[in-house]
Amino acid sequence: MGGSLVVVEDGFPPEHLLNQGTSYTYDDIIFLPGYIDFPAESVDLTTNLTRNITLATPCVSSPMDTVTESSMAAAMAALGGIGIIHYNNLPTEQATLVSHAKSLRFGFVSDPLCLSPSDTVSDASAVLASSSSYSCILVTESGTTKSKLMGIVTERDLFAAPHRETRLSDIMTRDPISIPAETSFEQAAISLIAKKLKYLPLLSEDGLVVELLSRDSVKRRRELPVSVARPSIGADGKFLVGAAIGTRESDKERLEHLVKAGINVIVLDSSQGDSLYQREMIKYVKRTYPELDVIAGNVVTSYQAQNLINAGADALRVGMGSGSICTTQEVCAVGRAQATAVYKVASIASQSGVPIIADGGIQNSGHIVKALSLGASTVMMGSFFAGTEEAAGGYFYKDGHRLKKYRGMGSLDAMIKGSDTRYLVDKSKLKIAQGVSAAVPDKGSVFRLIPYTMQAVRQGFQDLGISSLQSAHKLCRSGGLRLEVRTGAAQVEGGVHDLAMYEKKAF
């Protein structure tokens with residue numbers, strides 16, 4: 001052979017494996033490793049959400065009423081991704097959520113727990129029980145933020161109170177130390193540490209509560225890995241925030257409210273996006289607000305994708321029935337397994353330079369690697385973020401476990417509140433559920449979850465020998481990315497198995 005290099009092909013290119021008429025999930029396939037000549041930290045996850053919006057982190061929180069409201073949207077933007085605020089509410093309420101998210105500052109609590117002096121220890125205990133992570137209550141004149149600060153109550157004060165009906169005015173610490181609302185995070189943190197405080201209110205010039213800084217917030221920000229991406233900031237200098245709308249005539253008024261609130265991108269939210277209604281809404285948005293990017297969907301086929309691209313979509317949302325709380329495939333017998341759907345739609349969308357968002361089916365960092373490698377530019381997640389401190393809703397306890405409610409927008413609970421529009425349901429007709437209501441365990445904060453998940457994604461790309469998302473997409477299209485189908489036994493072998501007892505921690 002004279003020392004010549006022998007090239008041995010192994011595995012199959014995506015084009016061969018995913019065009020055989022079988023619908024594959026993320027778990028059904030496995031990638032073969034590549035050659036490593038770079039550190040994991042150098043993997044570039046910068047990507048396009050739409051034709052015109054770039055993100056440093058390829059993560060999007062789903063427009064679900066138990067996932068994305070102001071806190072989640074702001075947190076996602078702070079970490080380099082973006083949150084899409086749901087529309088299972090009044091147009092003015094959704095616009096307020098958008099405005100609030102864009103006005104938030106990273107590290108500060110913009111909606112601290114507040115009660116009035118006349119509220120009782122019992123009231124305070126109930127509020128703290130549903131709190132995400134804070135153990136203090138600001139006592140204000142009206143019991144709300146933007147009201148004069150009267151005092152502060154901690155869990156220690158509540159524990160020492162003589163009776164459950166004791167008023168907060170009798171146990172609160174009066175005239176607590178505070179600082180001006182315009183103080184930067186760095187200066188506020190220095191003040192909190194120097195004064196050995198656990199909580200530090202930020203007040204306006206007339207003494208009204210604006211924000212709160214906690215010792216935990218300072219610690220959390222300082223503990224962020226150095227690899228945390230730059231925040232997603234718009235031309236207005238504020239966080240990038242997205243919002244969802246439907247395709248009915250009334251949604252045009254909703255859109256007007258959102259544009260006035262400063263929305264950066266709009267998602268046309270439908271379980272089956274290839275409809276006359278969505279095509280007409282895309283054209284309306286592009287005609288009325290030409291600077292506003294439109295994410296259309298959901299789609300799972302090349303034909304659907306091409307129709308929405310032709311209508312003017314700036315990005316496509318891919319997935320139908322793959323979410324953990326979605327029953328569309330079971331109820332309607334329509335959809336596609338997510339790995340196949342992502343590859344098929346990406347194959348056609350890439351020809352027009354339209355990014356796609358893999359929406360649904362993500363359970364772990366490996367699934368994110370697979371979605372991005374098969375052509376997705378970002379991944380949209382609901383259940384992955386449900387249960388975090390920033391997710392919409394409060395915590396509750398059951399059998400000793402701390403939980404948060406999580407429901408599909410096709411569940412009867414959500415549809416009764418108004419989400420039936422995304423399923424093209426006439427309000428006068430019988431509602432058919434395409435989702436369920438559930439509960440998920442406490443997952444902590446996304447400020448911990450996302451950085452460590454993204455580091456795992458970087459390590460996945462390193463194992464593939466891929467240093468950026470753009471390189472992954474090129475390798476997928478050229479056939480350089482190699483994969484195989486896993487049998488059921490192979491999937492068992494690839495996970496934790498044959499142990500009597502174990503504890504599985506992501507980080």
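# Reasoning from cut-offs in a predicted model

User: Why is Arg-51 called partly exposed?

Analyst: In this predicted model, Arg-51 has a relative accessibility of 35%. Buried means under 20% and exposed means over 50%, with partly exposed in between, so at 35% Arg-51 counts as partly exposed.

User: What makes the contact of Arg-51 with Asp-314 a salt bridge?

Analyst: The closest N and O atoms of Arg-51 and Asp-314 are 3.5 Å apart, and the criterion asks for a side-chain nitrogen of Lys or Arg within 4 Å of a carboxyl oxygen of Asp or Glu; the pair therefore qualifies. This salt bridge links distant parts of the chain, with Arg-51 in the loop between strand 2 and strand 3, and Asp-314 in the loop between helix 10 and strand 16, 263 residues apart. The structure holds 11 salt bridges.

User: How do you know whether Asp-314 is buried or exposed?

Analyst: The relative accessible area of Asp-314 is 5%, and the term buried applies under 20%, so Asp-314 is buried, whereas its partner Arg-51 is partly exposed.

User: Why is the pair Lys-260 and Glu-256 called a salt bridge, and where do these residues lie?

Analyst: The side chains of Lys-260 and Glu-256 meet at 3.4 Å, N to O, and since the limit is 4 Å, the pair is called a salt bridge. Both residues lie in helix 8, 4 residues apart, about one turn of the helix. An α-helix has 3.6 residues a turn, so residues three or four places apart point the same way. Lys-260 is exposed, because its relative accessible area of 67% lies over the 50% cut-off, while Glu-256, at 37%, counts as partly exposed. Elsewhere, salt bridges that share partners join Arg-51, Lys-286 and Asp-314 into one network.

User: What makes Glu-249 and Lys-252 fall into their accessibility classes?

Analyst: Glu-249 has a relative accessible area of 59%, which is over 50% and therefore exposed. Lys-252 has 23%, which lies between the cut-offs of 20% and 50%, so the residue is partly exposed. The side chains of these two residues meet in a salt bridge, at 3.4 Å from N to O.

User: How do you know whether Asp-251 in helix 8 is buried or exposed, and what is it in contact with?

Analyst: Asp-251 has a relative accessible area of 5%, which is under 20%, so it is buried. Leaving aside neighbours within four places in sequence, Asp-251 is in contact with Tyr-87, Ile-245, Gly-246 and Met-281.

User: Why is strand 11 described as largely enclosed?

Analyst: Of the 5 residues in strand 11, 5 are buried, so the strand is largely enclosed by the rest of the structure. Both of its faces are covered, with Tyr-199, Pro-201 and Leu-203 buried on one side and Leu-200 and Leu-202 buried on the other.

User: How do you know that strand 11 pairs with strand 10 and with strand 12?

Analyst: Pairing requires at least two bridges. Strand 11 is joined to strand 12 by 5 bridges, running antiparallel, and to strand 10 by 2 bridges in the parallel sense, so both counts satisfy the requirement. Pro-201 stands opposite Leu-212 in strand 12, and Ile-179 of strand 10 stands opposite Leu-202 in strand 11. The 3 strands form an open sheet in the order 10-11-12, with mixed pairing. Strand 10 and strand 12 stand at the edges with a single partner strand each, so one side of each is left without a neighbour in the sheet. Helix 6 lies across these three strands, running at about 65° to strand 12.

User: What makes helix 13 mostly covered?

Analyst: In helix 13, 7 of its 9 residues are buried, among them His-367, Lys-370 and Leu-372. What covers the buried residues includes strand 1, helix 12, strand 17, strand 18, helix 15 and helix 16.

User: Why can Val-496 belong to a nonpolar surface patch?

Analyst: Val-496 has a relative accessible area of 43%, and patch members need over 30%, so Val-496 meets that accessibility condition. Together with Leu-499 and Tyr-502, Val-496 forms a nonpolar patch with about 310 Å² of accessible area.

Notes
Residues are numbered from 1 along each chain as its sequence is written. This is a predicted model: local features need pLDDT of at least 70, side-chain atom pairs count only at pLDDT 80 or more; totals for chains, interfaces and linings use all residues. Side-chain values use heavy atoms; hydrogens and water are left out. Contact means heavy atoms within 4.5 Å. Axes are lines fitted to C-alpha atoms, for helices over the stretch in contact, and angles run from 0 to 180 degrees between N-to-C directions. Patches are made of residues with over 30% relative accessible area and no salt bridge: like charges are joined within 9 Å, nonpolar side chains (Val, Leu, Ile, Met, Phe, Trp, Tyr) within 5 Å. Accessible areas come from the Shrake-Rupley method with a 1.4 Å probe; for residues, only the protein chains shown count as cover. Buried means under 20% relative accessible area, exposed over 50%, partly exposed in between (1.4 Å probe, protein chains only).
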